[in-house]
Amino acid sequence: MQAIERTNAIIKNSIVSSSINVHKYSNIGLRSHSYVKSPLNYIGGKYKLLNQILPLFPQNINYFVDLFTGGCNVGINVHANNILCNDNLIYLIDLFNQFQNISVSDIITHIECRISQYNLSLINEEGYNSLRELYNNNRNPLDLFVLVAYSFNHQIRFNNNHKFNNPFGRERSSFNEVMKYNLISFIERLQKKNISFSCNSFEKFDLSTLTKNDFVYCDPPYLITTGTYNDGKRGFKGWNIEEEYKLLTILDTLNVKGVQFALSNVLTHKGKENEILKNWITKNGYNINNIKANYANSSYHTHDRSLNSSIEVLITNYKPIAIQATLF
C-alpha cells in the first residue's frame with residue numbers, strides 16, 4: 001500500500017513540477033512531418049505520439065524489438081541497425097510481409113483491380129461483403145488491406161473462427177488519396193529498412209539473446225481500458241491480470257540482464273487505477289515519462305481532461321537523455 005501511495009504522489013507531482021524519476025516532454029524541436037504513417041488504422045496506434053516517444057529511446061540501438069507492433073508506426077520510424085516487429089495476429093504479419101516483398105506498383109495494381117472487380121464504393125455494401133467472403137476463403141493478405149480500406153473505421157477485426165467480420169463503412173470508408181499516400185510511403189520506407197517480422201505471443205518470444213546494445217519496446221493492450229483488441233472474444237487471446245504480470249516479469253528479466261526497455265501504458269483511466277503497474281514501477285525504481293495523448297478514434301478515448309482522466313506514460317528502466325518542456 002505504501003508503495004502505491006508513493007507512486008501516486010509522484011504522478012500528482014508530475015502534473016505541476018519536475019521529479020527525479022518523472023520526465024515531461026513537448027513537441028518543441030521535433031519534426032513530426034518526417035515520420036511515416038502506417039496505412040492501417042490500429043486502435044491505440046502511436047503515430048501521433050512518435051515525436052514524444054522516439055526521442056526517449058536510446059540513441060544507439062543495435063537490435064530493436066517491437067513486441068506488440070500493431071500498425072507498425074513505431075517500428076517503421078525507429079532508428080536501429082536491425083528491427084524486428086512482432087505481433088500475435090498472423091494475418092497482420094502476412095500483410096506486412098506482402099508489403100515488404102512485392103513492388104509498390106504491383107500492390108497498387110492489385111488494390112485497384114479489386115476495387116474495379118467488386119465495384120467498391122462508399123455505398124456498395126454488397127460488393128464489400130462479396131470481397132470479404134473471398135478473403136475469408138482464400139486469405140490473400142492484400143485483399144485484407146482492401147477490406148480494411150472500406151470497412152467501418154478502417155479496423156481489422158476477426159470473429160472466433162478467425163473470419164474477418166468488420167462491417168462495411170458506409171459513406172465513411174474508402175481507398176482514398178490519403179490512404180494511398182500513406183500506403184506508398186510506408187511500403188517505400190519498409191523496403192529500404194532492415195526490418196523483419198514474426199508472429200508470436202509475447203511470452204513465447206525469445207529475448208534470451210539480447211544484449212546491452214539492444215532495446216525492447218512494448219505497447220501491449222492496456223489492462224484498465226476496454227476495446228476489441230483486448231476483450232478475448234474474437235478468436236485471439238485477450239488481456240487480463242495474468243497477462244499483465246507475465247509481461248512485467250519479462251521486463252524485469254531484461255532489466256537484470258542490462259537490456260533497456262520502454263513500456264507504453266496508462267496509469268489511470270476514467271477513475272480506474274492500474275495498481276499492479278504502479279506498484280511494479282515503485283518497487284523497481286523505473287522511470288515514468290508522461291505522454292500527452294489523444295486517441296480520437298479509440299474505444300478508450302475520453303473527453304475528461306481533469307486529473308481523473310487517462311494518464312498515459314512511457315515507463316523506462318533508464319533515464320532518457322531528451323528532457324524538454326512540460327506537457328501539462
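**Exercise 1. Find where Asn 153 sits in the chain, and decide whether it is buried, partly exposed or exposed.**

Solution. Begin with the place: Asn 153 is found in the loop between α7 and α8, where helices (H or I, at least four residues) and strands (E, at least two) are DSSP runs, numbered from the N terminus. The model is a predicted one, in which local features need pLDDT of at least 70 and side-chain atom pairs count only at pLDDT 80 or more, while totals for chains, interfaces and linings use all residues. Residues are numbered from 1 along each chain as its sequence is written, and side-chain values use heavy atoms, with hydrogens and water left out.

Next take the backbone: Asn 153 is not a glycine, and yet its phi is positive, at about 55°. Last comes accessibility, for which buried means under 20% relative accessible area, exposed over 50%, and partly exposed in between (1.4 Å probe, protein chains only). With a relative accessible area of 23%, Asn 153 is therefore partly exposed.

**Exercise 2. Apply the steps of the previous exercise to Lys 270.**

Solution. Lys 270 belongs to the loop between β6 (260-269) and β7 (272-273). Its phi is about 50°, a positive value although Lys 270 is not a glycine. Its relative accessibility is 47%, so Lys 270 counts as partly exposed.

**Exercise 3. Describe how helix α7 is placed, beginning with which of its residues are buried.**

Solution. The buried residues of α7 are Pro 141, Leu 142, Asp 143, Leu 144, Phe 145, Val 146, Leu 147, Val 148, Ala 149 and Tyr 150. Because 10 of the 10 residues of α7 are buried, the helix is largely enclosed by the rest of the structure. The second step is to ask what lies against them: the buried residues of α7 pack against α4 (90-101), α5 (104-117), α6 (125-138) and α8 (177-190).

One of these partners, α6, can be followed further, since α6 and α7 pack at an angle of about 150° with their axes 10 Å apart. Axes are lines fitted to C-alpha atoms, for helices over the stretch in contact, and angles run from 0 to 180 degrees between N-to-C directions. Angles under 35 degrees count as roughly parallel, over 145 as roughly antiparallel, 65 to 115 as roughly perpendicular and the rest as oblique, and α6 is therefore roughly antiparallel to α7. Tyr 128, Leu 131, Arg 132, Leu 134 and Tyr 135 in α6 meet Asp 143, Leu 144, Val 146, Leu 147 and Tyr 150 in α7, where contact means heavy atoms within 4.5 Å.

**Exercise 4. Work out how α9 and α10 lie against each other, and which residues meet.**

Solution. Helix α9 (residues 241-257) and helix α10 (residues 275-284) have axes 11 Å apart and pack at an angle of about 15°, so the two are roughly parallel to each other. On the α9 side the contact involves Ile 241, Glu 244, Tyr 245, Leu 248, Leu 251 and Asp 252, and on the α10 side Ile 276, Leu 277, Trp 280 and Asn 284.

**Exercise 5. Identify the largest nonpolar core, and state which helix gives the largest share of it.**

Solution. A nonpolar core is a set of buried Ala, Val, Leu, Ile, Met, Phe, Trp, Tyr and Cys residues joined through side-chain atoms within 4.5 Å. The largest such core has 61 residues, and Phe 57, Phe 99 and Phe 175 have the most contacts inside it. Helix α7 (residues 141-150) supplies the largest share of this core, 8 residues. A second, separate core has 29 residues, including Leu 67, Val 216, Ile 250 and Trp 280.

To look more closely at Phe 57, leave aside its neighbours within four places in sequence; its contacts are then with Phe 64, Val 74, Val 78, Phe 215, Tyr 217, Ala 262, Leu 314 and Tyr 318.

**Exercise 6. State how many helices and strands the chain has, and what share of its residues is buried.**

Solution. The chain has 10 helices and 9 strands, and buried residues make up 52% of its 328 residues. Of the contacts in the chain with a separation of 6 or more, 72% come from residues 24 or more positions apart.
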